[in-house]
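Hi everyone, thanks for making time this morning. I'd like to walk you through one structure, so let's put it up on the screen.

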Amino acid sequence: GFTSFVAHAGSPPLAFYVLPLRLSPLTFTATLAVFFAAINAAKWLPYAWLGLIDGRNMLTSAVLLPLVPVGVWLGLRFVRRVPQRLFYRLFDLGLLLTGCKLVWDSLK
């Protein structure tokens, strides 16, 4: 939760915890989605307290809201069609690239 709030980088720590469980791709994706939905809901009050929620943010969210069902549909299609082994290799690659970017950003 802390890394999600401070750096919007909560996925790597959670992934290191969940990856060894080798859940099915659908269960893995759903677990991360529910976890981050709860984390993001918990961030509403601190973000409001810091003055980070304003009309412009809400307008952007409202404009993007119709794309949510499209993203869910595409994600479900991907998760159901990609073999588990390939799914985890792609996730590992994404995790590696994310880690490299975070290290690069810290060195700049």
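**A walk around the model**

Let me start with one residue: Leu64 has a relative accessible area of 46%, so it counts as partly exposed. Please keep in mind that we are looking at a predicted model. Where does Leu64 sit? You'll find Leu64 in helix H5.

Leu64 also has company. Together with Leu59, Val63, Leu67, Val70, Trp73 and Leu74, Leu64 forms a nonpolar patch on the surface. The accessible area of these residues together is about 710 Å². Which helices supply at least two residues each to this patch? Those are helix H5, residues 55-64, and helix H6, residues 68-81.

Let me step back for the overall picture. The protein has seven helices and zero strands, so if you read the elements from the N terminus on, you just say alpha seven times: α-α-α-α-α-α-α. Along the principal axes, the C-alpha atoms fill a box of roughly 45 × 35 × 25 Å. The protein has 108 residues, and 19% of them are buried.

Now for the pocket. The largest pocket has a volume of about 250 Å³. Ten residues line this pocket, and the closest to its centre are Trp44, Tyr47, Ile53, Met58 and Ser61. Helix H4, residues 44-49, and helix H5 are the elements that give two or more residues to the lining. Which of the elements gives the largest share? That is H5, with three residues. So helix H5 turns up twice in this talk: it supplies residues to the nonpolar patch, and it contributes to the pocket lining. If you sort the lining by class, you get five nonpolar, four polar and one charged residues.

Last stop: charges. Side chains of opposite charge can pair when their charged atoms come close. How many salt bridges does the model have? The count comes to one. Lys101 pairs with Asp105, and their closest N and O atoms are 2.5 Å apart. Both residues lie in helix H7, which covers residues 84-107. Lys101 and Asp105 are four residues apart there, about one turn of the helix.

Are these two partners buried, exposed or partly exposed? Lys101 has 49% relative accessibility, and because exposed means over 50%, Lys101 counts as partly exposed. Asp105, at 34% relative accessibility, is partly exposed as well.

That's my tour, and I'm happy to go back to any part of it.

Technical notes. Residues are numbered from 1 along each chain as its sequence is written. This is a predicted model: local features need pLDDT of at least 70, side-chain atom pairs count only at pLDDT 80 or more; totals for chains, interfaces and linings use all residues. Side-chain values use heavy atoms; hydrogens and water are left out. Patches are made of residues with over 30% relative accessible area and no salt bridge: like charges are joined within 9 Å, nonpolar side chains (Val, Leu, Ile, Met, Phe, Trp, Tyr) within 5 Å. Accessible areas come from the Shrake-Rupley method with a 1.4 Å probe; for residues, only the protein chains shown count as cover. A salt bridge is a side-chain nitrogen of Lys or Arg within 4 Å of a carboxyl oxygen of Asp or Glu. Buried means under 20% relative accessible area, exposed over 50%, partly exposed in between (1.4 Å probe, protein chains only). On a 1 Å grid over the protein atoms alone, a cavity is a set of points where a 1.4 Å probe fits but cannot get out, and a pocket is an open set with protein on both sides within 12 Å along at least five of seven lines; lining residues have an atom within 4 Å of a point. Grid points are joined across faces, edges and corners, and a volume is the space filled by probe spheres set on the points. Ala, Val, Leu, Ile, Met, Phe, Trp, Tyr, Cys and Pro count as nonpolar, Asp, Glu, Lys and Arg as charged, and the others, Gly among them, as polar.
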